[in-house]
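I opened the notebook to look up a pocket, a helix pair and some strand pairings, and I wrote down each term as I came to it.

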Amino acid sequence: MIALIKMEGFRLLRQSRTYYALAGVLLIEAVVLLSAYYQGNEIIDILLSQLRESFYFEGTLVNGNLITYLILNSMWFHLPLILMIVVSGLLTSEYKDRTLLTAMMQPVRKVRYLLSKYLVGILFSVIIVLLLSATSLGFSYAIFGRGDLVVLLDGLNFYEQPNAFLRIVLAFAAGTFSMVFYSVTSLTLAVIFKDVTKTWIVSVLFIVISNLLMKIDFGSGFLNNVFYFKLNQSWQFFFYPDIPWSQIILKTSLIVLYTTLMTLLGLFLFKTKDID
Amino acid sequence: MRALITILLFSISLISVAQQVAIDSDLLQIKQRLDSIGGFTADMSLEVDVNFISMPKKTGTLIYRKGAPAEILTDDFMLVPKKGLDFTLEQLFKYPFITVPRGSQIRKGDSLKVINVIPTSDKADFSIAELTLNISKHRIAQSKISTLRDGSYDVLFSYTDALSLLPRQITIQFEVERIRIPLSFLGQDVKVDGKLKRSEDLKKGTITLDISNYREKR
């Protein structure tokens, strides 16, 4: 199994699309960083407009923490897209190059073979989120400095530097679970569709539909809590003054469950289907 | 003509006398004490208590110079109240005014006198103020000021000891407009387009300033 994981890791590192994805993440981050700077000023103006009647503002709120928070908001849409393209490529490229047939002629179990791809996909997603968090915090602090983070969630909440940093790190950690879910889903879609283009199109569709469904209020608290697309915003809970840990644990556990089910589905389909 | 000049002079002297009579003598005495403050720096901490704002306690340095608005220096972000930091009530006494007595009371063993300050000049930026004077200790205990542009606010002064003229704590109560707040800003389900609507109701907000370590500034 370890040999299979090493092989998949090697394959991932040899893929040019992996490096395109890394460059893409950094490029998107740079664009978001730039736009966040201007949007940040606009947001602060809107947020504090009512308070201007009663207060002067000493110091600035457009700082590294706010910019990273804005990056967090934006990246949870763009990042799954990149991850799904790269991770699904672990299998679709093998279908395309017909190397899968060669691999299956070797004494290797189909389930273990695919499972190693899932594990490498998960590892890759975690590494990408780590890279994203390190670079966004690093660049934001270097360019915009440190300071209080203001977040509008059931009121205006101000967090001082150490507290803001901790909440951002925890939000990245919570977001990692969603990213892993999307990566695993893309690999399962690759098992179903096999073709590179078809898998990409379906993956993009999956993300777009998930984002659209996320905005729908299903009225029932139960439904709003259990649908996978409602779970991707749990990172936002870290920006409430009192962090609702029970909600976060519940939602994270559910997303782990969905990820496991999606993996099992992929493994089952891969095992039962013939390789063309 | 002579009669006209006599009437005019008489009227002017009458107005002048009325003006002098109309200003409360205890207030004048306190004003004289306050006028002796040229400036100071002090350490301060600020707490904001507004129901839709959650902000940790902030610390900084308070700088006050006579004739200039109070400044707060801090490394953090701070909401500095626009009103209530006029330690010598300069803005209140800047233009001519009259005072009207509104009674007296005893609070914690101190004799307090309540007066209304009404500006007689259009240039004043307040319409009416209610001052509670501690006539035992010759200092301001409370002020309620209705401004023309910034609403009304209530300032309560607490002092370290009987002789202190500068407060140890200032509590400023004011009205602040509640904003209708969406679930999140910049969340994927929230569009920020500047159309955040204001709700009609006004909320009371309180700011508490703890001031210590006064240093005289000349």
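The entries below go from conventions to the pocket, then to the helices and the strands.

**Conventions.** I am working with a predicted model, in which local features need pLDDT of at least 70 and side-chain atom pairs count only at pLDDT 80 or more, while totals for chains, interfaces and linings use all residues. Residues are numbered from 1 along each chain as its sequence is written, chains are lettered from A and ligands numbered from 1 in the order in which they are written, and side-chain values use heavy atoms, without hydrogens or water.

**Pocket.** I looked up the largest pocket (on a 1 Å grid over the protein atoms alone, an open set of points where a 1.4 Å probe fits, with protein on both sides within 12 Å along at least five of seven lines) and found about 680 Å³ of space in it, the volume being that filled by probe spheres set on the points. Its lining, meaning residues with an atom within 4 Å of a point, has 30 residues, and B:P69, B:K82, B:K83, B:D86 and B:Q91 lie nearest the centre. I noted 16 nonpolar, 5 polar and 9 charged residues in this lining, where Asp, Glu, Lys and Arg count as charged, Ala, Val, Leu, Ile, Met, Phe, Trp, Tyr, Cys and Pro as nonpolar, and the others, Gly among them, as polar. Both chains take part: β1 (55-58) of chain A supplies at least two lining residues, and so does each of several elements of chain B, including β9 (139-147) and β10 (152-158). Helices (H or I, at least four residues) and strands (E, at least two) are DSSP runs, numbered from the N terminus.

**Helix pair.** In chain A, I found that the axes (lines fitted to C-alpha atoms over the stretch in contact) of α2 (residues 16-48) and α3 (residues 64-97) come within 8 Å and cross at roughly 160 degrees. α2(A) and α3(A) are therefore roughly antiparallel, a label for angles over 145 degrees. Their contact has 17 nonpolar, 8 polar and 2 charged residues.

**Strands.** I found an open sheet of 3 strands with mixed pairing, in the order β2(A)-β3(A)-β2(B); two strands pair if DSSP finds at least two bridges between them. β2(A) and β2(B) stand at the edges with a single partner each, so one side of each is left without a neighbour in the sheet. Strand β3(A) (residues 156-159) and β2(B) pair in the parallel sense over 2 bridges, and A:L156 stands opposite B:I53. Within chain B, β1 (residues 39-49) and β3 (residues 58-65) run antiparallel and are joined by 8 bridges, with B:Y64 as the bridge partner of B:F40.

Methods. Axes are lines fitted to C-alpha atoms, for helices over the stretch in contact, and angles run from 0 to 180 degrees between N-to-C directions. Angles under 35 degrees count as roughly parallel, over 145 as roughly antiparallel, 65 to 115 as roughly perpendicular and the rest as oblique.
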